[in-house]
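Notebook open, coffee at hand. I'm going through this one feature by feature and jotting down what I look up.

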Amino acid sequence: MLARKMTLGVLAGLALAGSAHAVVIDFTGGIAHLSDGTNVVTDNTNIYYSVDYYDQGGFRYDFIGGTGIIGNYYAIGFRPDGTTIHNAVVHAHWLTDVQAMTITALDGSTFDLNYIDLTSNTITGGGQASGTEQSYISTNNGYSVRLPSSDWGFDFDYSGGTGDGVARLYLDAHFDAVTSVTFSSTNAYCFGMDNFYINEPAPPNPAPEPATMALLGLGAAGMAMTRRRPR
């Protein structure tokens, strides 16, 4: 009986050790810690500037060397049909406001980053991407992938020009069992993201489009991409 209890105890311990805390960080309902020392609970209608770091679901999104933006940022852009966007994102301006951005577990544990939405990666503030943007996603293990260029915002840029939608990035096993993931850029200005799937299966990946296959040709092995247009 003692041996059986010990076996059950070991199995229970292994199950707890192997279990992962699944979460989708959508930048809504978490706590944004502002540079003036105040904290606010985010929603999908307001915009919060000068954010030092953001906590949601046991994870921290930290702005290194500056501050960033959390909230319904793309609602400030022009939409020809007059409708309003209600969707919180993280957004930052490279080189002027922030040097890097990292995501870590608050308890220091490892995690799998399976999927993210890339909403902006452009040299032109509020505008169209040039295709020459040098922005990267890197792990604490030293693995780094260049991110695709992406027009500002969702389906329209700040001035109302037709955008290229949101790049849905499916990350491979290089982003499993990491302790941190860092975003950086050498030449882009506007950069935004949404929907981090952590220890959680990513949404279904539709059949690769030509753009997806072209991405692999850019040397972005370890990541597949499709695009969607928010409603």
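**Entry 1: I76 and its patch.** First note to self: this is a predicted model. I started with I76, which counts as partly exposed because its relative accessibility is 34%, and partly exposed is the class between 20% and 50%. I76 sits in the loop between β6 (68-71) and β7 (89-93). What does I76 make together with Y49 and Y158? I found a nonpolar surface patch of about 300 Å².

**Entry 2: positive phi.** Next I checked backbone angles. S50 has a phi near 55°, which is positive in a residue other than glycine. I placed S50 in strand β4, residues 47-56. Its relative accessibility is 34%, so I logged S50 as partly exposed.

N199 went on the list too, with a positive phi of about 55° although it is not a glycine. I located N199 in the loop between β14 (190-198) and α2 (210-217). Is N199 buried or exposed? I have N199 down as buried, because its relative accessibility is 17% and the cut-off for buried is under 20%.

**Entry 3: cavity search.** I ran through the whole structure for cavities of 30 Å³ or more and got one. The volume of the largest cavity is about 40 Å³. Which residues line the largest cavity? I wrote down Y74, G77, F78, R79 and I85, plus W152, G153, F154, D155, F156 and D157. Sorted by class, that lining comes to six nonpolar, two polar and three charged residues.

**Entry 4: salt bridges.** Reminder before counting: side chains of opposite charge can pair when their charged atoms come close. How many salt bridges does the count give? I get four, and I looked up three pairs in detail, as follows.

*R60 and D55.* The closest N and O atoms in this salt bridge are 2.8 Å apart. On the R60 side, the relative accessible area is 27%, so R60 is partly exposed. On the D55 side, the value is 13%, so D55 is buried.

*R168 and D117.* Here the closest N and O atoms of the salt bridge are 3.8 Å apart. R168 is in strand β12 (residues 166-171) and D117 in strand β9 (residues 113-122), so this pair ties together parts that are 51 residues apart in sequence. I checked cover for D117 as well: D117 counts as buried because its relative accessibility is 0%.

*R227 and D164.* These side chains meet in a salt bridge at 3.5 Å, N to O. The pair links distant parts of the chain, 63 residues apart: R227 belongs to strand β15 (residues 223-228), while D164 falls in the loop between β11 (144-146) and β12. R227 has 25% relative accessibility, so I marked R227 as partly exposed.

**Entry 5: back to D117.** I wanted one more lookup on this residue in strand β9. How far is the C-alpha atom of D117 from that of Y197? I read off 9.4 Å, for two residues 80 apart along the chain. So for D117 my page now holds a relative accessibility of 0%, hence buried, a salt bridge with R168 and that C-alpha separation from Y197.

Technical notes
Residues numbered from 1 in each chain as written. Predicted model: local features only at pLDDT ≥ 70, side-chain atom pairs only at ≥ 80, totals over all residues. Heavy atoms only, no water. Patch = residues over 30% accessible without salt bridge, like charges linked within 9 Å, V, L, I, M, F, W, Y side chains within 5 Å. Areas by Shrake-Rupley, 256 points an atom, 1.4 Å probe, with all protein chains shown as cover. Helix = DSSP H or I, 4+ residues; strand = E, 2+ residues; numbered from the N terminus. Buried < 20%, exposed > 50% of the residue type's maximum accessible area, 1.4 Å probe, protein only. 1 Å grid on protein atoms, 1.4 Å probe; cavity = no way out; pocket = protein on both sides within 12 Å on 5 of 7 lines; lining within 4 Å. Points joined across faces, edges and corners; volume = space filled by probe spheres on them. Nonpolar A, V, L, I, M, F, W, Y, C, P; charged D, E, K, R; others polar.
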